[in-house]
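Here are some exercises to work through with the model open beside you. Try each task before you read its solution.

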Amino acid sequence: AEFDVEVVFTVALKAVKDAGEIIKEAFYKKKAVLTKSCAVDLVTETDQAVEKMLIGRIKENFPNHMFIGEESVAAGEKCDLTDEPTWIVDPVDGTMNFVHSFPHSCISLAVLYHKDIHIGIIYNPILDQMFTAKLGQGAFLNDKPIRASEETELGKSLVIAEFGTNRDLQKMESVLKNITALMNKVHGLRAMGSAALNMASVASGGADCYFEYGIHVWDIAAGTLIVREAGGVCIDTEGGPLDLMSRRMICASSEKLALQIIPLLTQLKLERD
Ligand code: IPD
């Protein structure tokens with residue numbers, strides 16, 4: 001099948017903007033919240049409505065494109081990445097923030113072809129921040145080019161970690177170990193509750209590094225392209241090439257910085273997506 005990145009990008013961007021309207025409309029209202037794997041793994045009607053709308057758009061415009069979405073997988077669909085054009089979507093990344101009306105949630109959408117990420121879009125409709133990237137064409141925030149920071153020194157870096165949406169004992173211990181190992185070596189540590197926006201922060205130079213164990217492909221697919229197109233790196237937490245399905249990732253403004261953090265991390269192997 002032909003894959004015209006410009007045509008796909010135009011449809012994807014419009015779909016993301018429309019999804020943003022759905023999120024904005026619901027944002028300051030009371031939400032009906034359901035739990036998934038545990039008490040802090042949340043889903044709302046908005047997550048489901050946005051995902052349904054995006055699936056409709058893809059079917060209408062590109063009936064042979066494949067789809068991997070957080071809520072479809074939660075509902076039992078397979079998470080199979082093939083060489084076909086594939087849209088990978090997190091309808092609301094930062095659902096906990098969304099539930100609390102903490103204005104740090106977004107839509108994360110990537111389009112892959114032959115397993116390469118060709119399009120990455122991350123949109124925070126509340127703060128009106130639209131991050132976009134096309135493979136080989138740079139990264140943008142609201143149409144202006146962005147670059148990762150030039151920081152290479154750990155002691156001067158603002159690093160983002162996350163607590164995640166899993167309260168498994170081994171996972172929580174590893175989170176605390178990593179925070180403890182880093183907190184007196186970095187300039188500052190942050191946890192803002194959206195993997196995609198964390199990556200967008202690294203891409204736009206606001207943060208110097210972000211890592212997490214336990215994320216899923218829909219949390220990081222768009223951000224990976226945006227970070228790389230902004231001059232940053234996205235690799236495995238042990239330093240090898242990133243495997244999008246491996247549930248772990250570190251991204252940074254430079255490889256030099258990532259390689260200073262990696263030896264401090266307690267590694268964790270997770271069940272693949
Ligand atoms: C979560 C957020 C959170 C991260 C979790 C993700 P969701 O995504 O990105 O920051 O720590 O690992 O699952 O569930 O809000 O789409």
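A residue counts as buried if 20 or more other C-beta atoms lie within 10 Å of its own, as exposed if 12 or fewer do, and as partly exposed in between, with C-beta atoms placed from the backbone. The model is predicted, with local features needing pLDDT of at least 70 and side-chain atom pairs counting only at pLDDT 80 or more, while totals for chains, interfaces and linings use all residues. Residues are numbered from 1 along each chain as its sequence is written.

**Exercise 1. Decide whether Leu257 is buried or exposed, and list its contacts away from its sequence neighbours.**

Step 1. Find Leu257 in helix 8 (residues 255–261); helices (H or I, at least four residues) and strands (E, at least two) are DSSP runs, numbered from the N terminus.

Step 2. Count neighbours: Leu257 has 24 C-beta neighbours inside 10 Å, so it is buried.

Step 3. Look for contacts, meaning pairs of residues whose C-beta atoms, placed from the backbone, lie within 7 Å. Setting aside neighbours within four places in sequence, Leu257 touches Glu151, Thr152, Leu154, Ser157, Asp208, Cys209 and Ala252.

**Exercise 2. Work out which residues of helix 2 are buried and how they are arranged around its axis.**

Step 1. Check the length. Helix 2 (residues 45–61) has 17 residues and spans 24 Å from its first C-alpha to its last, close to the expected 24 Å; that expectation is 1.5 Å times one less than the number of residues.

Step 2. Pick out the buried positions: Thr46, Asp47, Val50, Glu51, Leu54 and Ile58.

Step 3. Look down the axis. The buried residues of helix 2 fall within an arc of 130°, so they line one face of the helix; the arc is that of the directions from the helix axis to the C-beta atoms.

Step 4. Turn to the other side of helix 2, where Gly56, Lys59 and Glu60 are exposed.

**Exercise 3. Find what covers the buried residues of helix 1.**

Step 1. Locate helix 1 at residues 5–27. Its buried residues are Val8, Ala12, Ala15, Val16, Ala19 and Ile23.

Step 2. Identify the cover, which includes helix 2, strand 4, strand 5 and strand 6.

**Exercise 4. Describe how the two domains meet, taking the side of domain 1.**

Step 1. Set the bounds: domain 1 (5–145) and domain 2 (154–264), which come from an automatic or database domain assignment. Their C-alpha centres lie 20 Å apart.

Step 2. Count the contact, to which domain 1 gives 33 residues and domain 2 gives 25 residues.

Step 3. Find the main contributor: strand 6 gives the most to the side of domain 1 that touches domain 2, with 5 residues.

Step 4. Sort that side by class: 19 nonpolar, 10 polar and 4 charged residues. Here Ala, Val, Leu, Ile, Met, Phe, Trp, Tyr, Cys and Pro count as nonpolar, Asp, Glu, Lys and Arg as charged, and the others, Gly among them, as polar.

**Exercise 5. Characterise the shell around the ligand.**

Step 1. Of the 15 residues around the ligand (C-beta atom, placed from the backbone, within 6 Å of it), Asp93, Thr95, Glu162, Gly164 and Ala195 come nearest.

Step 2. Sort the shell by class: 2 nonpolar, 7 polar and 6 charged residues.

Step 3. Assign it to domains: domain 1 and domain 2 each supply at least three residues.
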